[in-house]
Amino acid sequence: MNRISDYRTVEVVAFDADDTLWVNEPFFRESERRFCALVAPWAGAREAVERLYAREVANMPLYGYGVKACVLSMVETALELGGERLPAAVVGELLALGRDQLQRPVELLPGVRETLRRLQGRYRLAVVTKGDLLDQRRKLRLSGLAPCFDAVEVMADKDEAAYGEVMRRLGVAPGAFLMVGNSLRSDVLPVVALGGRAVHIPFGETWRHEEVDPAALAPYDFSALERIDELAPLLGC
């Protein structure tokens with residue numbers, strides 16, 4: 001756990017977007033359940049989920065993250081499971097799942113707007129997220145939060161090299177950079193490894209790809225909060 005004095009050097013506060021500023025993961029889990037129902041004639045739910053996850057991971061270097069990447073992996077997995085027996089209508093329904101998710105309204109998490117208001121003017125604020133560029137910018141626009149931020153970075157992945165590039169573009173040293181997010185793997189560990197600060201605010205559901213073995217956290221120094229409205233008091237705002 002960081003001491004509050006550690007935050008006195010912070011100049012930039014960066015926020016993850018999905019499941020930090022607004023709801024996201026439950027929509028993917030809903031799409032996953034609908035996928036399982038569509039491929040039920042060829043695979044049980046457990047096998048379908050495992051095959052889909054394996055396909056998503058294998059496709060990450062090519063497709064990246066986000067709704068479109070997920071839907072492409074769903075279509076490929078359905079074709080693997082159903083083969084020539086897979087009706088074209090099932091593929092059409094999978095594509096419709098993606099269109100529906102890309103058109104969902106944005107649901108802000110409690111306390112987000114007030115927290116950003118309290119931090120504005122005291123720090124440079126940034127969105128630092130990953131996923132599909134068009135979808136993330138759409139959600140930011142619809143959220144009404146865009147005027148709160150001085151910079152927006154949509155990354156292909158969140159690793160140390162990518163964060164280093166973001167810090168260079170923002171002109172900020174690692175010790176003056178604070179990352180706030182729901183994922184230990186993507187939002188906390190790579191930033192702390194670079195010498196930056198991080199605050200973990202868990203969300204109710206976590207994609208298995210973002211899970212971290214608790215034993216691996218011992219060398220990392222970061223803060224953990226239950227809600228985003230605890231952030232401003234942590235920073236003394």
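**Internal cavities of the predicted model**

By residue class, the lining of the second largest cavity comprises six nonpolar, two polar and five charged residues. The structure is a predicted model, and this cavity encloses about 90 Å³ of space. Its lining is formed by 13 residues, with V23, N24, F27, R138 and K139 lying nearest the centre of the cavity. Helix α6 supplies the largest share of this lining, namely three residues, and at least three residues are drawn from each of domain 1 (12-22 + 106-235) and domain 2 (26-102).

A search of the whole structure identifies four cavities of 30 Å³ or more, and the largest of these has a volume of about 490 Å³. The largest cavity is lined by 33 residues, among which N24, E25, Y65, K130 and W207 are the closest to its centre. Two or more lining residues are given by each of α1 (25-38), α2 (45-63), α3 (67-82), β2 (124-130), α6 (133-143) and α8 (184-193); of the elements, α3 gives the most, with four residues.

With respect to residue class, the lining of the largest cavity divides into seven nonpolar, twelve polar and 14 charged residues. Domain 1 (12-22 + 106-235) and domain 2 (26-102) each provide at least three residues to the lining of the largest cavity, as they also do for the second largest cavity. Residue N24 is named among those closest to the centre of the largest cavity and also among those nearest the centre of the second largest cavity.

How values were computed:
Residues numbered from 1 in each chain as written. Predicted model: local features only at pLDDT ≥ 70, side-chain atom pairs only at ≥ 80, totals over all residues. Heavy atoms only, no water. 1 Å grid on protein atoms, 1.4 Å probe; cavity = no way out; pocket = protein on both sides within 12 Å on 5 of 7 lines; lining within 4 Å. Points joined across faces, edges and corners; volume = space filled by probe spheres on them. Nonpolar A, V, L, I, M, F, W, Y, C, P; charged D, E, K, R; others polar. Domains from an automatic or database assignment.
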